[in-house]
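User: I would like to understand how the labels attached to a model are justified. Please take me through some of them, setting each value against its definition.

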Amino acid sequence: MSVKAFSLFSGGLDSMLAVKLIQDQGIVVEGLTFTTPFFDARKAQEAAAQIRMPLKIEDLTTEHLLMMKAPRYGFGKHMNPCIDCHTLMLHKAGRIMEAEGADFVFTGEVLGQRPMSQTRQSLHIVAKNSGYGEYVLRPLSARLLPESRPEREGKVDRQKLLAVQGRSRKTQMEMARAYGIKYYPTPAGGCLLTDPMFSRRLKDLLHRQPDPDRRDIELLKYGRHFRIEEAVKVIVGRNEKDNLALQSLIRGDDAVLKMMEIPGPLVLIPGGSSEEIIQEAARLCVLYSDAPQDGEAAVQVTASGKMYVIVVRPTERAAATRWIIQ
Ligand code: SF4
């Protein structure tokens with residue numbers, strides 16, 4: 001009977017090479033990648049297409065948001081709980097492996113490549129806490145790590161696996177050439193939880209709203225964010241792309257502001273607010289519009305089922321600077 005494995009597949013070069021090493025042993029490989037509001041499957045889809053591997057895409061949002069509330073091993077440099085995130089992914093991968101009758105799961109991780117998540121201890125913790133420790137293989141560094149179950153059972157030949165270690169990418173580059181892999185993304189990037197600006201906004205959100213939904217998180221990706229009052233946030237589009245994205249995220253209870261007849265931002269107050277805050281939001285709308293900054297301008301407001309126009313002067317720069325979340 002043929003051996004089948006799931007590759008926990010990010011789409012980075014290391015994950016592509018891990019697939020090649022396992023396929024070289026005649027093992028059937030299917031890729032598995034996850035999506036949340038913080039990362040998507042684009043990179044993995046492109047890479048899977050390049051190496052012609054079938055790819056399963058699973059939405060991990062609910063479990064990931066739950067984990068983000070209190071990651072057991074904390075956050076990295078920004079809001080990236082990498083150890084808990086990897087554990088969760090491996091756990092899900094293990095469940096899928098079982099459900100589909102596959103033999104093991106493997107990743108493209110390299111011992112010592114990343115300071116937090118790829119130490120010997122982290123690799124051990126992640127595999128153990130996933131509940132599938134024995135079934136987790138890291139083909140690029142396998143010969144430096146304890147023998148996994150598929151190796152012990154003879155489903156994988158350990159001697160054909162590698163002992164790559166550390167941050168140098170030399171071995172991987174040579175392997176990419178040998179395998180004819182021409183396109184691969186840079187090792188870092190792709191996860192918003194490692195982005196400093198996004199992390200600050202997320203921290204601010206979680207502090208005030210411990211149970212955000214997907215829309216709350218999507219909103220963090222666009223515009224300038226101002227916290228005028230503890231419970232109120234005002235989002236001001238920076239350009240056409242932001243304005244369109246914010247427009248697509250509007251809900252019925254939001255307050256929405258736009259300039260009358262002058263180009264300017266779309267301004268959103270999620271969940272609406274008081275007249276006083278709407279006035280301040282209108283003033284921000286004028287500040288970031290093409291209106292002359294030395295006088296009043298008209299702003300159209302849609303809130304609480306009503307549409308009306310108010311005329312205000314722009315917010316002073318100092319106030320905007322004080323309120324901005326950055
Ligand atoms: S970088 Fe993002 S996706 Fe990758 S393990 Fe860390 S939190 Fe998860």
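User: What makes strand 8 (residues 255-259) and strand 10 (residues 297-303) a pair, and in which sense do they run?

Analyst: Two strands pair if DSSP finds at least two bridges between them, and 4 bridges join strand 8 to strand 10, so the condition is met. These two strands run antiparallel. Among the bridge partners, Met-259 is matched with Val-299 in strand 10, and Lys-258 is matched with Gln-300. Keep in mind that this is a predicted model, in which local features need pLDDT of at least 70 and side-chain atom pairs count only at pLDDT 80 or more, while totals for chains, interfaces and linings use all residues. Residues are numbered from 1 along each chain as its sequence is written.

User: How do you know where a strand or a helix begins, and how many of each are there in the protein chain?

Analyst: Both are DSSP runs numbered from the N terminus, a helix being H or I over at least four residues and a strand being E over at least two. By that rule the protein chain has 12 helices and 11 strands.

User: What links strand 10 to strand 11 (residues 306-312)?

Analyst: They pair in the antiparallel sense over 7 bridges, and Val-299 has Ile-310 as its bridge partner in strand 11. The two strands form a hairpin with 2 residues between them. Ser-304 lies in the loop between strand 10 and strand 11, and has a positive phi of about 50° although it is not a glycine. Most residues other than glycine have a negative phi.

User: Why does Ser-304 count as exposed?

Analyst: A residue is exposed if 12 or fewer other C-beta atoms lie within 10 Å of its own, buried if there are 20 or more, and partly exposed in between, with C-beta atoms placed from the backbone. Ser-304 has 12 other C-beta atoms within 10 Å, and is therefore exposed. Arg-52, in the loop between helix 2 (42-50) and strand 3, has a positive phi of about 55°, and its 6 C-beta neighbours inside 10 Å make it exposed. Pro-292, in the loop between helix 11 (275-287) and strand 10, counts as exposed with 11 C-beta neighbours inside 10 Å.

User: Why does Ile-57 count as partly exposed?

Analyst: Ile-57 has 15 C-beta neighbours inside 10 Å, a value between the two cut-offs, so it is partly exposed. Ile-57 sits in strand 3, and, leaving aside residues up to four places away in sequence, it touches Thr-33, Thr-35 and Ala-41, where contact means that the C-beta atoms, placed from the backbone, lie within 7 Å. The C-alpha atoms of Ile-57 and Thr-35 are 7.2 Å apart, although 22 residues separate them along the chain.

User: What makes strand 6 (224-229) and strand 11 edge strands?

Analyst: They belong to an open sheet of 6 strands with the order 6-7-9-8-10-11 and antiparallel pairing. Strand 6 and strand 11 each have a single partner strand, so one side of each is left without a neighbour in the sheet. On average, neighbouring strands of this sheet are turned by 25° against each other, direction ignored. Helix 11 packs on the sheet, and its direction makes about 130° with that of strand 10; such angles run from 0 to 180 degrees between N-to-C directions, with axes fitted as lines to C-alpha atoms, for helices over the stretch in contact.

User: Which strands are at the edges of the sheet ordered 3-2-1-4-5?

Analyst: This open sheet has 5 strands and parallel pairing. The edges are strand 3 (55-59) and strand 5 (136-137), each of which pairs on one side only. Inside the order, strand 1 (residues 4-8) runs parallel to strand 4 (residues 104-107) and is joined to it by 4 bridges, with Leu-8 opposite Thr-107. Helix 4 (residues 82-99) lies across the strands of this sheet, at about 160° to strand 1.

User: How far apart are the C-alpha centres of domain 1 and domain 2?

Analyst: The centres are 44 Å apart. The bounds, 4-191 for domain 1 and 222-323 for domain 2, come from an automatic or database domain assignment.

Note on methods. Contact = placed C-beta atoms within 7 Å.
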